[in-house]
Amino acid sequence: MGTTLEGSLNGRGLRFGLVASRFNDFVVKHLIEGAQEALRKCGVEEGNMDLVRVPGAMEIPTAAKQLAESGAYDAILCLGCVIRGGTTHYDLVCGEAAKGVAQVGLQTGVPAIFAVITAENTEQAIERSGAKLGNKGYEGALAAVEMATLAAQLRAPRRGRRKRP
Ligand code: INI
């Protein structure tokens with residue numbers, strides 16, 4: 001049997017960059033609180049969670065990429081809320097934000113977590129920001145700690161690993 005590698009929820013000593021959009025802040029503020037609470041519970045020191053605010057979800061990937069490229073963070077956590085408002089803008093914003101955040105992770109190797117609520121209406125958004133159906137910010141923060149600790153293991157050279165000739 002080969003090795004099983006898995007991250008942990010021990011965030012002590014790790015640094016996290018949070019990028020949160022201001023659009024729909026009545027929802028996003030709860031995602032930020034949830035994320036900070038989860039990071040604290042994982043042992044992340046208060047000074048090791050930096051928060052960057054951007055106008056809307058569309059701007060999240062740009063700031064996330066700059067944070068990732070700075071080399072100062074073990075993972076980037078992206079928080080936002082897009083609500084369908086009878087506008088075609090919704091699909092564009094959701095698609096670009098999701099794609100952009102995924103690209104940040106793939107291009108930089110720094111885990112980038114997409115904790116952006118995409119909801120049909122305000123009620124659904126509220127439910128997912130700490131009311132009935134959990135808090136996407138809290139859940140995203142756990143994913144960020146797990147991926148940061150996993151990335152550290154994947155970077156470390158492992159004994160007995162050989163490349164195929
Ligand atoms: N941005 C959001 O974060 N959520 C939304 O629901 C939203 N809607 O519905 O339009 C939204 N639009 C703004 C967008 O993210 C950009 O800030 C804007 O297009 C400027 O680039």
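The ligand takes up the space of the largest pocket. A pocket is an open set of points on a 1 Å grid over the protein atoms alone, where a 1.4 Å probe fits, with protein on both sides within 12 Å along at least five of seven lines. A molecule sits in it if more than half of its atoms lie within 2 Å of its grid points. This is a predicted model: local features need pLDDT of at least 70, side-chain atom pairs need 80 or more, and totals for chains, interfaces and linings use all residues. Residues are numbered from 1 along each chain, and side-chain values use heavy atoms, without hydrogens and water.

**Exercise 1.** List the residues around the ligand and sort them by class.

*Solution.* Take residues with a heavy atom within 4 Å of the ligand. They are Phe23, Asn24, Gly56, Ala57, Met58, Glu59, Cys81, Val82, Ile83, His89 and Val93. Next, sort: seven are nonpolar, three polar and one charged. Gly counts as polar here.

**Exercise 2.** Which element supplies the largest share of the shell around the ligand?

*Solution.* Elements are DSSP runs: helices (H or I) of at least four residues, strands (E) of at least two. β3 (75-83) and α3 (89-108) each give at least two shell residues. The largest share, three residues, is from β3.

**Exercise 3.** Find polar contacts of the ligand with Met58, Cys81 and His89.

*Solution.* Use pairs of N or O atoms within 3.5 Å. Start with the backbone. An N or O atom of Met58 there is 3.1 Å from a ligand oxygen. A polar backbone atom of Cys81 lies 2.9 Å from a ligand nitrogen. Then take side chains: an N or O atom of His89 is 3.3 Å from a ligand oxygen.

How values were computed: A polar contact is a pair of N or O atoms within 3.5 Å; within protein, one must be able to donate a hydrogen and the other to accept it, and residues adjacent in sequence count only if both atoms are side-chain atoms. On a 1 Å grid over the protein atoms alone, a cavity is a set of points where a 1.4 Å probe fits but cannot get out, and a pocket is an open set with protein on both sides within 12 Å along at least five of seven lines; lining residues have an atom within 4 Å of a point.
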